[in-house]
Amino acid sequence: MQYRNDRHGEPLSLLGFGCMRFKRAAGPGAAIDYPAAEHQIMRAIELGVNYFDTAYIYPGSEELLGRVLQENGVRDRVNIATKLPQYLIRSASAIDRYFDEELRRLRTDHVDYYLMHMLTDVVAWHKLEELGIRDWIARKKAAGQIRNIGFSFHGNTDMFLKVLAAYDWDFCQIQYNYMDEHAQAGREGLLAAAERRIPVIIMEPLRGGKLVDLLPQEAKSLIASEAHGWSPAELALRWLYDQPQVTCVLSGMNSVPMVEENCRVASEAGVGCLTQADQDLIARVKDIVGKSMRIGCTGCGYCMPCPKGVDIPSAFRCWNQMYTEGKSAGRKEYWQVVSLRKEPAFATQCVRCGKCEAHCPQHLPIRDALPQADRDLRPLHYRIAGVVARKFALG
């Protein structure tokens, strides 16, 4: 296993174990298959994985991880990362209540890496500040109950930069892969964090398996024809390991062979592991995926800012995702990135001024496409649910 250091010089395994996708004994909704999960976790530790990521809202995950670590006597060999469900917090006392419950679930007296879960808007952080989160963090750190504080993020690049600058974070966690290179926090966010010497943990390196199972057959055949013999998963992981700004890559592993294969890649790949031919291969794969896209938006952002606040790149990216990965995937992404923001950024705010089209390098018919995108992304039941969610999450 290879390691990269956190902000304080402590080594983190290049591969982290994402504890959200354990197999369940009798299908979705049932209890996690404890013997199988224990075997996977222990095998990962044997192979050098020392970063385990869970969260309050992952059903059964914190309890299982805590039990495995305690019963096998390996708590001190690993780092636990878990998350405060900030979207459920309505009072200062609730912060302690959730944190104390997490410690009990995890059977530990401290969390090595504690995250504000799923920030999509800097407003959510400001709400926590009003409840005294800064003093709370300081107290927990002084008591040794939290060793590093960070946040996980779903939103656009501009909002990521605002959250990044809002506090002296020890680390952050972003969605990042070769298809999302310029989406959400994106490469710009990755580099901005690196400039601040803030380690970056990567989630969704395979887009929840979509860069493996849902790749077009043409793309799978292209990857298989290359001399390396890499699988689609290995290619995607190597793309991340090649970047020195990436500290740790999470994988939701749910079998021992998957653990062993991913650990092998993390022991072999590193900065400089991709040749120009490999980069060209990834570009060709992205082009193949792009054939099924709805509109040829590259996410360059030249159309921004919109005078009425419409997040044009996010709308088109999520619209395309509906046609490349499925309707629910695109709508979920739009929900996270746009619907839960404090300031509305919906396509319906467009007044057809044409400023965006005047600056678009692709000469896209933005004014005509935005209403179509909005109808696809926000059918009536999504609009109604969105109003309720915004009120609940943002107040």
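Mentor: Before we start, a handy cut-off: a residue is buried under 20% relative accessible area, exposed over 50%, and partly exposed in between. Keep in mind, too, that this is a predicted model.

Trainee: Thanks! With that cut-off, is Glu101 buried, exposed or partly exposed?

Mentor: Glu101 has a relative accessibility of 24%. Buried means under 20% and exposed means over 50%. The value for Glu101 falls in between, so this residue counts as partly exposed.

Trainee: Which residue does the side chain of Glu101 meet in a salt bridge?

Mentor: Look within helix α3, where the two partners are four residues apart and therefore separated by about one helical turn. The N to O distance of the salt bridge is 3.1 Å. The partner of Glu101 is Arg105.

Trainee: And which other residue forms a salt bridge with Arg105, at 3.6 Å between the closest N and O atoms?

Mentor: This pair links distant parts of the chain, 42 residues apart. Arg105 sits in helix α3 (residues 92–106), and its partner in helix α2 (residues 61–71). Arg105 is buried at 17% relative accessible area, whereas the partner is partly exposed at 34%. That partner is Glu63.

Trainee: How many residues apart are Arg43 and Glu260, the pair that links distant parts of the chain?

Mentor: Arg43 belongs to helix α1 (residues 34–46) and Glu260 to helix α10 (residues 256–268). Their salt bridge has its closest N and O atoms 2.9 Å apart. Arg43 is partly exposed at 25% relative accessibility, and Glu260 is partly exposed at 33%. Along the chain, the two are separated by 217 residues.

Trainee: How many salt bridges does the count come to?

Mentor: Some salt bridges are linked in a network, made up of Glu234, Arg238, Glu261, Arg264 and Glu268. The pairs of Arg43 with Glu260 and Glu63 with Arg105 are salt bridges as well. The count comes to 31.

Trainee: Let's turn to the nonpolar side chains. Which helix gives the largest share of the largest nonpolar core?

Mentor: This core has 93 residues, and those with the most contacts inside it are Phe17, Phe52, Met116 and Phe151. Leaving aside neighbours within four places in sequence, Met116 touches residues including Leu84, Trp125, Ile149 and Trp169. The largest share of the core is seven residues, and it comes from helix α9 (residues 232–241).

Trainee: How many residues are in the second, separate core?

Mentor: As general background, nonpolar side chains tend to be buried together in soluble globular proteins. Here, the second core includes Tyr334, Val338, Phe346 and Ile366. Its number of residues is 24.

Trainee: With which side chain does the side chain of Lys140 make a polar contact?

Mentor: Lys140 has its place in helix α5 (residues 133–142). At 12% relative accessibility, Lys140 counts as buried, because buried means under 20%. Leaving aside neighbours within four places in sequence, Lys140 is in contact with Asp96, Phe99, Gln145 and Ile146. The polar contact, at 3.4 Å, is with Asp96.

Trainee: Is Asp180 buried or exposed?

Mentor: Asp180 lies in the loop between β8 (171–175) and α7 (186–195). Beyond its neighbours within four places in sequence, Asp180 is in contact with Gln175, Gly186 and Arg207. Its relative accessible area is 1%, so Asp180 is buried.

Trainee: Arg207 appears there. Which residue's side chain meets Arg207 in a salt bridge?

Mentor: Arg207 is also in contact with Asp180. The salt bridge asked about has an N to O distance of 2.0 Å. The residue is Glu325.

Trainee: Finally, how much area do domain 1 and domain 2 bury between them?

Mentor: The domain assignment gives domain 1 as 3–287 and domain 2 as 312–394, with C-alpha centres 27 Å apart. Their contact takes 17 residues from domain 1 and 15 residues from domain 2. Between the domains the count is one salt bridge and two residue pairs in polar contact. Carbon and sulfur atoms carry 51% of the buried area, which is about 1400 Å².

Notes. Residues are numbered from 1 along each chain as its sequence is written. This is a predicted model: local features need pLDDT of at least 70, side-chain atom pairs count only at pLDDT 80 or more; totals for chains, interfaces and linings use all residues. Side-chain values use heavy atoms; hydrogens and water are left out. Buried means under 20% relative accessible area, exposed over 50%, partly exposed in between (1.4 Å probe, protein chains only). Contact means heavy atoms within 4.5 Å. A polar contact is a pair of N or O atoms within 3.5 Å; within protein, one must be able to donate a hydrogen and the other to accept it, and residues adjacent in sequence count only if both atoms are side-chain atoms. A nonpolar core is a set of buried Ala, Val, Leu, Ile, Met, Phe, Trp, Tyr and Cys residues joined through side-chain atoms within 4.5 Å. A salt bridge is a side-chain nitrogen of Lys or Arg within 4 Å of a carboxyl oxygen of Asp or Glu. Domain bounds come from an automatic or database domain assignment. Buried area is the accessible area (1.4 Å probe) that two parts lose on being put together, summed over both.
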